[in-house]
Amino acid sequence: MFQKVLIANRGEIAVRIIRTCQMLGIQTVAIYSEADADAPHVKMADEAYLLGGPRVVESYLHADKVLDVARKSGADVIHPGYGFLSENSSFAEQCEAEGVVFIGPSSDVIARMGSKIESRKAMQAAGVPVVPGIAHSLADEEVAVQAAEEIGFPVMLKASAGGGGIGMQIVRNADELRKAFAGNQKRAASFFGDSAMYIEKYIENPRHIEIQILADKFGNVIHLWERECSIQRRHQKVLEEAPSPFLDDETRKKMGEAAVRAARAIGYSNAGTVEFLVDRNKNFYFLEMNTRLQVEHPVTEEITGLDLVAEQLKMAADYSLTMSQSDINPRGYAIEARIYAEDPTTFFPSPGNITKLVFPDGPGVRNDVGVHHESTVTPFYDPMIAKLIVKGKDRDEAINRLQNALSAYEVGGIKTNIPLLRKIADHPAFQQGETTTNFIEQYLQGETAK
C-alpha cells in the first residue's frame with residue numbers, strides 16, 4: 001500500500017479522502033489556494049502546501065505546481081477527487097511520466113472517455129445502447145441543421161468535451177439550432193479548449209441513472225448497482241438515491257451488465273461510473289462515462305457497506321478485487337442531498353461568511369462537509385459546501401430521515417438551497433418516485449423558496 005497520498009482537491013471531497021487515508025494509516029498531503037488557507041482539509045492533512053492565488057488556474061488547475069508539491073513532499077500517489085484535474089488526461093500522463101501513481105484509469109482511457117464523440121463510438125462498438133445521434137464533430141450550423149433534420153427534432157446540441165451542462169442546449173427546430181450553435185461552440189472552446197459540437201436525439205422527460213463500477217488491473221470488473229440522479233437544476237445534480245425507485249430487476253440487471261461490458265471494452269481500471277438516460281419505457285442509452293469518483297458515491301457506500309476511496313487506493317496499488325459480482329447485495333435505501341451556497345429560487349451562487357452551522361445527526365444520517373462555522377464561501381469555486389446522506393431500511397424510512405435532517409440543518413450568513421431540498425423531499429411526486437430530469441421545472445419552477 002502507499003505511504004503518502006497527495007489530495008489534488010479541496011472542500012468536502014478532500015476531507016473525505018483524508019479520513020479514509022487516516023483509517024488506512026497513510027500519510028496525507030493537502031494543497032490549497034490563498035482563499036482556502038483556513039479550510040478544514042488543510043488542517044486535517046499531515047502536510048499542507050500553498051499553491052497560489054484564489055483562481056483555479058493559479059492553484060488547483062495548475063498541474064505543474066501540483067506535481068512540484070508531490071516531489072517536495074515525497075508523495076507516491078495523487079488522488080484527484082472529482083472536478084479540477086480528475087479527468088485531465090494530460091495531467092494523468094504527466095503523473096505517469098513522473099512515476100507518481102494517479103488514482104484513476106490510464107491517461108489514454110481518460111482521453112477517450114473525455115470526448116463524448118469518441119466515447120459514443122467506443123460504446124457502440126461494445127454493443128452498449130447509445131442515444132441516436134451524430135458521432136462526429138459538426139463543422140457549422142448548416143451541417144448541424146441537416147443532421148438534426150435527419151435525426152428528427154427535438155435534439156440536444158452538445159459539446160464533445162463538455163460537462164456540467166456547459167455548451168449543451170435543447171433545440172426544437174432549425175431556427176433555434178442556428179441561433180444556438182455559435183454561442184454553445186464558443187462556450188465550449190472557452191471552458192474546455194475544444195469547440196467540437198455534436199447532436200443527439202432529445203429524449204423527453206427521461207431518468208438519469210448511473211452504474212458504479214470497480215475494475216482492477218487484472219481484468220476483473222464488477223458493478224455496484226445503480227444510483228438515480230434525475231433531480232437536477234441547470235443540468236447539474238441536486239439529489240441522488242440508490243437504488244432507483246423506477247427500475248425493475250430485469251432492467252437493473254441489463255444496465256449493470258452493459259456497464260461492465262463498457263468498462264471491459266475500453267480496458268478500464270479503478271472506480272468509474274457509466275451514466276445512462278432511461279426513457280419512460282425503461283429503454284436505456286449511454287450518456288457518458290466519468291473516469292473518477294463521483295460526488296454521489298456515498299449513497300453506493302451506504303447500501304453496499306464499501307469504502308470506495310479505500311477500494312480506489314487498493315486497485316491503484318495493484319491489488320486485485322477481493323469480491324465478485326455475487327458478493328454485492330445492496331441493503332437498505334440511501335439518499336444524498338447536495339448543500340449548495342446559492343439562492344434556492346434563482347440558483348445564483350451566494351458567497352459570504354458562514355455565521356452559523358448546525359448539522360443534523362441521528363440514526364442513518366451522514367454529513368460530508370468541507371466548511372466550518374466561520375468559513376468564508378468564496379466566488380472562486382463550485383458552491384457545493386456539504387452533502388447530507390441518509391439511509392433507511394426502505395425508501396419511505398430514508399425519505400422520513402431526509403425530511404427530519406433537512407429540518408434540523410442550519411446555515412447562517414449565506415443563502416443555501418436547503419429550502420429547495422425541503423420542498424423536494426416533501427413533494428408527493430418525489431415521494432412516489434416520479435423523479436425525472438424535469439422534476440424541478442415541472443413541479444417547483446416559479447415557487448418562492450422560503
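Let me begin with a lining: by class, the residues around the largest cavity are three nonpolar, two polar and two charged. I should say at once that this is a predicted model, and that everything I describe this morning is computed from it. The residues in question are Glu311, Lys314, Met315, Tyr319, Ser320, Leu321 and Thr322, and the space that they enclose comes to about 50 Å³. If we count cavities of 30 Å³ or more, the total is one.

From the enclosed space I move to an open one, the second largest pocket, which holds about 210 Å³. Of the 16 residues in its lining, those closest to the centre are Phe102, Gly104, Pro105, Ser106 and Lys217. Three elements give two or more residues to this lining, namely helix H4, which covers 89-98, strand E5, at 101-102, and helix H11, at 308-316. Sorted by class, the lining of this second largest pocket has eight nonpolar residues, five polar ones and three charged ones.

Strand E5 brings me to the sheets. As a general reminder, strands of a sheet pair through backbone hydrogen bonds, and the pairing can be parallel or antiparallel. E5 belongs to an open sheet of five strands with parallel pairing, in which the order reads E3-E2-E1-E4-E5. Which strands stand at the edges of this sheet? They are E3, residues 47-52, and E5, and because each has a single partner strand, one side of each is left without a neighbour in the sheet. Further in, strand E1, residues 4-7, pairs with strand E2, residues 27-33, in the parallel sense and over four bridges, and within that pairing Lys4 stands opposite Gln27.

A second open sheet has four strands, with antiparallel pairing and the order E6-E9-E7-E8. Its edge strands, each pairing on one side only, are E6 at 133-134 and E8 at 169-171. Strand E7, residues 155-159, and strand E9, residues 197-201, are joined in the antiparallel sense over five bridges, with Leu157 placed opposite Ile199 of E9.

Further along the chain, I would draw your attention to strand E20, residues 384-392, which is mostly covered, since eight of its nine residues are buried. Strand E15, residues 333-340, pairs with E20 in the antiparallel sense over eight bridges, and there Ala337 has Leu388 of E20 as its bridge partner. Strand E18, residues 365-369, also pairs with E20 in the antiparallel sense, in this case over five bridges, and Val365 stands opposite Val390.

Finally, a word on the cysteines, for anyone thinking about sulfur chemistry. A disulfide, in general, is a covalent bond between the sulfur atoms of two cysteines. How many disulfides does the count give here? The count comes to zero. For Cys21, the closest cysteine sulfur is that of Cys95, and because it lies 15 Å away, it is too far for a bond; the cut-off applied is 2.5 Å. Seen from the other side, Cys95 is likewise in no disulfide, with the sulfur of Cys21 as its nearest, at 15 Å. As for exposure, Cys21 is buried, with a relative accessible area of 0%, and Cys95 is also buried, with a relative accessible area of 0%.

How values were computed:
Residues are numbered from 1 along each chain as its sequence is written. This is a predicted model: local features need pLDDT of at least 70, side-chain atom pairs count only at pLDDT 80 or more; totals for chains, interfaces and linings use all residues. Side-chain values use heavy atoms; hydrogens and water are left out. Buried means under 20% relative accessible area, exposed over 50%, partly exposed in between (1.4 Å probe, protein chains only). On a 1 Å grid over the protein atoms alone, a cavity is a set of points where a 1.4 Å probe fits but cannot get out, and a pocket is an open set with protein on both sides within 12 Å along at least five of seven lines; lining residues have an atom within 4 Å of a point. Grid points are joined across faces, edges and corners, and a volume is the space filled by probe spheres set on the points. Ala, Val, Leu, Ile, Met, Phe, Trp, Tyr, Cys and Pro count as nonpolar, Asp, Glu, Lys and Arg as charged, and the others, Gly among them, as polar. Two strands pair if DSSP finds at least two bridges between them.
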